[in-house]
Amino acid sequence: MIMKIMWFSRHEPIPKQIAELKRLFGKDVNVIQDPNPFSGADDVVRRFRESGADEMVIVAPLTVIDQITKRGIQPLYAEMRLVEEGPYDVDVNGRKFVFERFTRIKRVIVEKEELE
């Protein structure tokens, strides 16, 4: 069975990320990028469900990811580490990142402290 993964980000997945998704989910992974802006969690969830995808990778504000998890979807998250020197995988506006791994977001918790 082919595993279908929706990739919600302006940035295309890099080869290391595709390779890791294949390692995690099998060699028949089909990653489909949706680079289009979204209006919020409901828009993402609708597009994901309409696509028939099995998994979702998303780059979005925590508030949007929180609402997605509250709608029963636990998206994958590509953990990227900022590097000052040495080899890197992605350059975003002059900031260089190395892909580390995928994790699954089960829920979002924000702990706040009042300022006085």
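Two strands pair if DSSP finds at least two bridges between them, where strands (E, at least two residues) and helices (H or I, at least four residues) are DSSP runs numbered from the N terminus. The model is predicted, with local features needing pLDDT of at least 70 and side-chain atom pairs counting only at pLDDT 80 or more, while totals for chains, interfaces and linings use all residues. Residues are numbered from 1 along each chain as its sequence is written, and side-chain values use heavy atoms, leaving out hydrogens and water.

**Exercise 1.** Determine which strands pair with β1, and in which sense.

*Solution.* Begin with strand β2 (residues 30–34), which is joined to β1 (residues 4–8) in the parallel sense over five bridges; within β2, Q33 is the bridge partner of W7. On the way from β1 to β2 the chain passes through helix α1 (residues 15–25), and this β-α-β crossover is right-handed (clockwise from the first strand over the helix to the second, with the strands pointing away from the viewer). Turn next to strand β3 (residues 55–58), which runs parallel to β1 and is joined to it by four bridges, with E55 as the bridge partner of I5.

**Exercise 2.** Establish how many residues of β1 are buried (under 20% relative accessible area, 1.4 Å probe, protein chains only), and what F8 contacts (heavy atoms within 4.5 Å).

*Solution.* Four of the five residues of β1 are buried, and the strand is thus described as mostly covered. Leaving aside neighbours within four places in sequence, F8 is in contact with residues including D34, V44, F48, M56 and I58.

Definitions and conventions:
Buried means under 20% relative accessible area, exposed over 50%, partly exposed in between (1.4 Å probe, protein chains only).
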